[in-house]
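Reader: I would like a close look at a single part of this structure, and I am new to reading such models. Please take one helix and its surroundings, and explain the terms as you go.

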Amino acid sequence: KEKVEITKEQRTLMKVIVDAYSTHQIPQDVAKKLLQEQYSADENFLLLTEMATSQVQVLVEFTKNIPGFLSLDREDQIALLKGSAVEAMFLRSAQVFSRKMPSGQTEVLEERIRKSGISEEFIIPMFNFYKSIVSLHMVQEEQALLTTITILTPDRPYVKDQQAVERIQETMLELLRKLCVLQRPQEPQYFARLLGRLTELRTLSHYHAEMLTSWRTNDHKFTPLLCEIWDVQ
Ligand SMILES: O=C(NC1CCCCC1)[C@H](C1CCCCC1)n1c(-c2ccc(CO)cc2)nc2ccccc21
């Protein structure tokens, strides 16, 4: 039986990541807004672009706190942010969806999202992903590390020094592996299941541009930041 132990420096690394992750959150809660009232497809599209824009801003702040990230080549830092922004947004959306809510609220939220203006064909894969995240019952440390591992994906387009990114990602993967073994001794496959979600996440993110252009709205307006990072307009 493998004796798994979190080292002192891994504990420090964990604290830095989780503190940064919980600090850099979207100010207002989109789920609360969606539960308060029913919006039109146009209003929902605007809400999405507002939420996504502020999420990109907090993502940038969060990455600055990932030990080693700022020592990467500056252009590689941008390539990693650009390459992971959509996945980070869907991961965050899934985490918002999986939050414990008073009974019946999750169903209301699901209904509001289904009727928000997204075209039918994307609803199934999107909710399949969200429900697969819900079923993992991730703790905050796992959510923060999974987002960090997503950002530190070495094979994003235009990354020059992939080895440097791989080195930092491996540190995070090793820490997450240990946490999973310690957290879920009865589920030896849990770590592998977590990483499997990143594959689903990448597939879902391929639909993203089409989800936006097919949104039932007359005016697909984006903020300059989203045009930059989402490759739209
Ligand atoms: O605001 C949102 N997500 C934000 C993004 C930044 C990080 C926090 C969450 C949007 C909603 C906007 C308004 C209409 C209803 C969806 N959303 C989506 C979502 C995201 C992107 C697309 C198209 O690519 C489709 C749907 N999934 C959600 C799951 C739970 C709660 C909101 C969720």
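Author: A residue counts as buried when its relative accessible area is under 20%, and as exposed when that area is over 50%, with partly exposed in between. The model is predicted. The part to look at is helix α4, residues 74–98, and a convenient place to begin is Q95, which lies in helix α4. Q95 has a relative accessibility of 3%, which is under 20%, so Q95 counts as buried.

What does Q95 touch, leaving aside its neighbours within four places in sequence? Its contacts are Y21, M138, Q143 and T147. The last of these, T147, sits in helix α7, which covers residues 140–151. T147 is buried too, because its relative accessible area is 5% and the limit is 20%. Not counting residues up to four places away in sequence, T147 touches Y21, F62, L91 and Q95. Y21 therefore appears in both lists, as a contact of Q95 and as a contact of T147. For a position elsewhere in the chain, take L226: its C-alpha atom is 21 Å from that of Q95, and the two residues are 131 places apart along the chain.

Next comes the meeting of α4 with helix α3, residues 41–64. The axes of α3 and α4 come within 10 Å and cross at roughly 115°. The crossing of α3 past α4 is right-handed. On the α3 side, the residues that meet α4 are L48, A52, Q55, L59, V60 and T63. On the α4 side, they are L81, A85, A88, M89 and R92. Sorted by class, this contact is made up of eight nonpolar, two polar and one charged residues.

Helix α4 also has a part in the surroundings of helix α6. The buried residues of α6 pack against α4, and also against α5 (105–114), α9 (190–206) and α10 (208–213). Which residues of α6 are buried? They are F122, I123, M126, F127, F129, Y130, S132 and I133. The length of α6 can be checked by a short calculation. Helix α6 has 15 residues, 120–134, and at 1.5 Å a residue it should span 21 Å; the C-alpha atoms at its ends are 21 Å apart, so the two values agree.

For comparison, here are some residues from other places. Q169 lies in helix α8, residues 162–183. Its relative accessible area is 13%, so Q169 is buried. Q169 touches I149, L152, T153 and P154, not counting residues up to four places away in sequence. One of the cysteines, C180, is buried at 2% relative accessibility, whereas C227 is partly exposed at 25%. How many disulfides does a search of the whole structure find? The search finds zero.

The segment after α11 (224–230) holds D231, and Q233 is also found in the segment after α11. Most residues other than glycine have a negative phi. D231 is not a glycine, yet its phi is positive, about 55°. Q233 is not a glycine either, and its phi is positive at about 60°. Are these residues buried or exposed? D231 has a relative accessible area of 60%, which is over 50%, so D231 is exposed. Q233, at 74% relative accessibility, counts as exposed as well.

Key. Residues are numbered from 1 along each chain as its sequence is written. This is a predicted model: local features need pLDDT of at least 70, side-chain atom pairs count only at pLDDT 80 or more; totals for chains, interfaces and linings use all residues. Side-chain values use heavy atoms; hydrogens and water are left out. Helices (H or I, at least four residues) and strands (E, at least two) are DSSP runs, numbered from the N terminus. The expected span of a helix is 1.5 Å times one less than its number of residues. Buried means under 20% relative accessible area, exposed over 50%, partly exposed in between (1.4 Å probe, protein chains only). Contact means heavy atoms within 4.5 Å. A disulfide is a pair of cysteine sulfur atoms within 2.5 Å. Axes are lines fitted to C-alpha atoms, for helices over the stretch in contact, and angles run from 0 to 180 degrees between N-to-C directions. A crossing is left-handed if the near helix is turned anticlockwise from the far one by less than a right angle, and right-handed if clockwise. Ala, Val, Leu, Ile, Met, Phe, Trp, Tyr, Cys and Pro count as nonpolar, Asp, Glu, Lys and Arg as charged, and the others, Gly among them, as polar.
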